[in-house]
Amino acid sequence: MGMFLNSCEVYDAYAKEYSSPYFVDKSAMLEEIIPRIGTNTNYICITRPRRFGKSVMANMIASFFTRGLDSKDIFDHLDIARAVSYQEHLNKHNVISISFNRLPKRCSSYDQYIDRIERKLIGDLIEAYPNVKIDEDDAVWDVLKTIYNADSAVRFVFVLDEWDFIFHRDFVRDKDKGAYIDFLSNLLKDQPYVSFAYMTGILPIAKYSSGSELNMFLEYTMATEEMFSDYFGFTEPEVDKVYEKFIVNQPNPRVTRDGLRMWYNGYHTKSGERVYNPRSVVAALTNNNLGNYWTSAGPYDEIYYYINHNTAAVRDSLALMVSGIPVPAKVREYAATSMSLTTRDEIFSAMVVYGFLSYENGYVSIPNRELMEKFSDMLQKEPSLGYVYQLAGKSEKMLRATLANDTDTMLQILEFAHNTETPLLSYNNETELTAVVNLVYLSARDFYRLEREDKAGTGYVDFIFYPESDRKADCIILELKVDHTVEEAIQQIRDRKYAMKFEGRLGEKPKYTGRILAVGIAYDRKTKAHTCRVEVLREAL
């Protein structure tokens, strides 16, 4: 066994995943892959955002097929074991598995990077086929063809993970990208020794290939192809199962099932099935804590850079999305590449590809609370976002004024928002007023869980603020009105018994013991005036 040829490393990695208390069996994908081996549909490229299980699935595929391993101790217990073709293919193939995110020591050039891959793979082949006359100075595809010509029964399964990794490295120049595409094309395209090729990445091949070099691949993206969608990300039933394990294994569970849905759901397949970020779900259950497990490294920094330099194009749309309102966009997955984003749609396309936005039916939105925190933090720290930054900066003052029943200050902030010159704040309907309210209460997210259109009492409240960090803090119910009075807003809160949302079940102590505040905000389009009112529905217990 070598570094790339029939490597035991992939099995070790998958065995660790299998031993995880929150392992999810996705092996049924193998049953869909096996019939493609040796056919004209044997080139597959799966593209997904980071942390959607691409590497786990690559390790699973390599562990299953790799000759020289005995992985039945895992796969005998998985769904694939019931397939008719199971025994025929388990550990029966020569597998070349390459993780393209590995760098040589002190790597500073593309030549160093690709030389390591070629040199190590040729070394593996020379060791595995000592009776074949191999010239180690040949190109790796020539070496593979030499082996095939010596014995046409020798063919290879290629498992190539993170194929687009080097496009994010500083040392890779434009001509290097072309050379890399040529490397993959020479290695794989029309080669008789390829029985199957499976490749993963974030960016679709179409972005970097001019069309012909890698056109043998069938690409499967989250937004455009339904096939294989169930195998990347956790579906609702799978999250139910891992949560059941969590409840059994955790003596003091602090993570709720609804909490997982709020924090990590929000993505979906082309067919509309909802999927969760699997890494974040597992991290939350392992740590017994709902939190932000998405790091800010890599592509996020690039997206932040482009927002910073194209604020006029994206500012109003970002404000609406942070308010929970989807915005229309023309998403082209191939448009996402560093250093070439110029338009609003290109920026949002990149965000979708990298997993920072969700796309459905022509609209983009922020998928969940985990990502909402990223965007909220950006709005509060980026002055180039203009009025959005200014409104976010006033949000802490707005929260304090609300809790203190300081309606004068509340009105001052709302008037500032209204007087800001932007089409967003035309107040033609409650949706636009909702967007403004979300911005002026942005800092409340540090202390509260904000829900819009939440079911409460006998209706749906516009905003409800749950004090998750301190159950003794004041609770807030906020109702908006356009061309109606603030008194009507408060009366609606009372009549529809929205405060019941904070009361415990019959015979139980209330979960939230602070005051319950009814907040009404109204806007009259004729007088162009706001009114505010705060009333105490229940004193602190």
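**Entry 1: a small sheet**

I began with one residue pair: Phe234 stands opposite Tyr276 in β8. I kept in mind from the start that this is a predicted model. Stepping back from the pair, I saw that β6 and strand β8 (residues 274-276) run antiparallel to each other and share 2 bridges. I then asked myself in what order the 3 strands of this open sheet lie. The order is β6-β8-β7, with antiparallel pairing. That leaves β6 (234-235) and β7 (267-268) as the edge strands, each pairing on one side only.

**Entry 2: the whole chain**

Next I zoomed out. I noted 20 helices and 16 strands in the protein chain. Its C-alpha trace spans about 90 × 55 × 40 Å along the principal axes. How much of the chain counts as buried? I found 55% of the 541 residues in that class. I also looked at contacts with a separation of 6 or more, and 71% of them join residues 24 or more positions apart.

**Entry 3: surface and charge**

On the outside, I noted that the protein chain exposes about 23,700 Å², with carbon and sulfur atoms supplying 47% of that area. For charge, I have 64 positive and 77 negative side chains on my page. The centres of these two sets lie 3 Å apart.

**Entry 4: the cores**

Which residues have the most contacts inside the largest nonpolar core? They are Phe348 and Tyr441, in a core of 69 residues. Helix α14 (residues 344-354) gives this core its largest share, 7 residues. I then followed Phe348 to its partners, leaving aside neighbours within four places in sequence. Phe348 is in contact with Val314, Ser317, Met321, Val327, Ala329, Leu357 and Val364. I also found a second, separate core of 48 residues, and Phe4, Phe100, Tyr110 and Ala197 are among its members.

**Entry 5: two backbone oddities**

I finished with phi angles. Most residues other than glycine have a negative phi. Asp190 is not a glycine, yet its phi is positive, near 60 degrees. I located Asp190 in the loop between α8 (174-188) and β4 (194-201). Is Asp190 buried or exposed? Asp190 is exposed, and I wrote down a relative accessible area of 67%.

Lys497 also caught my eye, with a positive phi of about 55 degrees although it is not a glycine. I placed Lys497 in the loop between α20 (486-495) and β15 (516-524). Lys497 counts as partly exposed, with a relative accessible area of 46%.

Technical notes. Residues are numbered from 1 along each chain as its sequence is written. This is a predicted model: local features need pLDDT of at least 70, side-chain atom pairs count only at pLDDT 80 or more; totals for chains, interfaces and linings use all residues. Side-chain values use heavy atoms; hydrogens and water are left out. A nonpolar core is a set of buried Ala, Val, Leu, Ile, Met, Phe, Trp, Tyr and Cys residues joined through side-chain atoms within 4.5 Å. Buried means under 20% relative accessible area, exposed over 50%, partly exposed in between (1.4 Å probe, protein chains only). Helices (H or I, at least four residues) and strands (E, at least two) are DSSP runs, numbered from the N terminus. Contact means heavy atoms within 4.5 Å. Two strands pair if DSSP finds at least two bridges between them. Accessible areas come from the Shrake-Rupley method with a 1.4 Å probe; for residues, only the protein chains shown count as cover. Lys and Arg count as positive and Asp and Glu as negative; His and the chain ends are not counted. The place of a charge is taken as NZ of Lys, CZ of Arg, CG of Asp or CD of Glu.
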